[in-house]
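Please examine the sequence and the three-dimensional structure shown below. The paragraphs that follow lead through selected parts of the chain, one after another.

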Amino acid sequence: MKSQDVVVALKLLSAGPAKSFAELGASLGISASESHAAVRRLVEARLWDSSLKRLNRQALLGFLVHGVPYVFPAALKEATRGIPTGWAAPVFGGKIIANEPPPVWPDPDGEVRGQAVKPLYPSVVYAARQDSKLHDLLALVDALRLGRARERKMAEQELEKPLFYLVCWEG
């Protein structure tokens, strides 16, 4: 798996299957061939069922919680302007008050000054600006990647909410 595969899986979770790989790629700022290769790897990893055109949500949750933090770890870096992620993102609703600057994806047009976090894939900032549900999911994954136990637990609980399992996209 590649980090862009996680981004593609989260996009499929937030918006359902795209009409084409070109459409999926365009929504994420990647090429059609990259989106096709990512879906192929998701099928091989048994995270995407190509015949039903839907995610294996239970397997995806397990991978996000127990695999992604080790396969794609993150760390807080230098101070920069950007878009809030992790526990600073809107999906956490201000439930976590930290004494340090918030984690942000570097972006010169960002509204928040915080500590830089390398996104899962370079086009994450573009994709998150296009889809607020995707932004929420990516921020939850970043909380799993760089958070302490409390933040990781809150992110896991948010991902386990019924909506995560009940939204079923028909192809």
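The buried residues of helix α3 are Ser35, Ala37, Ala38, Val39, Arg41 and Leu42. The model in which they are seen is a predicted one. The elements that cover these buried residues include α1, α2 (21-28) and β1 (48-49). An α-helix has 3.6 residues a turn, so residues three or four places apart point the same way. The length of α3 can also be checked by simple reasoning. This helix comprises residues 32-44, 13 residues in total, and at 1.5 Å a residue it should span 18 Å; its end C-alpha atoms are 18 Å apart, so the expected and the computed values agree.

After α3 comes Arg46, whose phi is positive, near 60 degrees. Arg46 is located in the loop between α3 and β1. With a relative accessibility of 66%, Arg46 counts as exposed, because the term applies to values over 50%. Most residues other than glycine have a negative phi. Against that background, Arg46 has a positive phi although it is not a glycine. Lys53 is another residue other than glycine with a positive phi, in this case near 55 degrees. Lys53 is placed in the loop between β1 and β2 (54-55). Its relative accessibility is 41%, and Lys53 therefore counts as partly exposed, the class between 20% and 50%.

Lys53 also leads to the second largest pocket. This pocket contains about 210 Å³ of space. Eleven residues line the pocket, and the closest to its centre are Pro17, Ala18, Phe21, Trp48 and Lys53. What is the lining of this pocket like by class? The lining has seven nonpolar, three polar and one charged residues.

The next part of the tour concerns helix α1, which covers residues 3-15 and includes Ser3. Is Ser3 buried or exposed? Ser3 has a relative accessible area of 16%, and it is therefore buried, since the limit for that term is under 20%. Leaving aside residues up to four places away in sequence, Ser3 touches Phe72, Leu120 and Tyr121. With Leu120 there is a polar approach: a polar atom of the Ser3 side chain lies 2.6 Å from the backbone oxygen of Leu120.

Gln4 is likewise found in helix α1. Its relative accessibility is 9%, so Gln4 counts as buried under the 20% limit. Which residues does Gln4 touch, not counting those up to four places away in sequence? They are Glu34, Arg41 and Tyr121. Arg41 was met above as one of the buried residues of α3. Tyr121 is joined to Gln4 by a polar contact between the two side chains, at 3.4 Å.

A further residue to compare with Gln4 is Pro122, which is found in the loop between β5 (112-116) and α6 (124-130). Pro122 and Gln4 are 118 residues apart along the chain, while their C-alpha atoms are separated by 8.8 Å. Pro122 counts as exposed, because its relative accessibility is 72% and the class begins over 50%.

Helix α7 comprises residues 132-146 and has 15 residues. From its first C-alpha to its last it reaches 21 Å, close to the 21 Å expected at 1.5 Å a residue. How many of the 15 residues of α7 are buried? Twelve are, and the helix is mostly covered. Among them are Leu134, His135, Leu137, Asp142, Arg145 and Leu146. The N-terminal end of α7 is capped by Asp131, a side-chain oxygen of which lies 3.0 Å from the backbone nitrogen of Lys133.

Arg145 of α7 can be related to Val71, a residue of helix α5 (residues 68-71). The C-alpha atoms of Val71 and Arg145 are separated by 9.2 Å, and the two residues are 74 residues apart along the chain. Val71 has a relative accessibility of 46%, so it counts as partly exposed.

The last residue of the tour is Gln157, in helix α8 (residues 149-160). Its relative accessible area is 42%, and Gln157 is therefore partly exposed. Gln157 and Val8 are 149 residues apart in sequence, and their C-alpha atoms are 21 Å apart in space.

Conventions:
Residues are numbered from 1 along each chain as its sequence is written. This is a predicted model: local features need pLDDT of at least 70, side-chain atom pairs count only at pLDDT 80 or more; totals for chains, interfaces and linings use all residues. Side-chain values use heavy atoms; hydrogens and water are left out. On a 1 Å grid over the protein atoms alone, a cavity is a set of points where a 1.4 Å probe fits but cannot get out, and a pocket is an open set with protein on both sides within 12 Å along at least five of seven lines; lining residues have an atom within 4 Å of a point. Grid points are joined across faces, edges and corners, and a volume is the space filled by probe spheres set on the points. Ala, Val, Leu, Ile, Met, Phe, Trp, Tyr, Cys and Pro count as nonpolar, Asp, Glu, Lys and Arg as charged, and the others, Gly among them, as polar. Helices (H or I, at least four residues) and strands (E, at least two) are DSSP runs, numbered from the N terminus. Buried means under 20% relative accessible area, exposed over 50%, partly exposed in between (1.4 Å probe, protein chains only). A polar contact is a pair of N or O atoms within 3.5 Å; within protein, one must be able to donate a hydrogen and the other to accept it, and residues adjacent in sequence count only if both atoms are side-chain atoms. Contact means heavy atoms within 4.5 Å. The expected span of a helix is 1.5 Å times one less than its number of residues.
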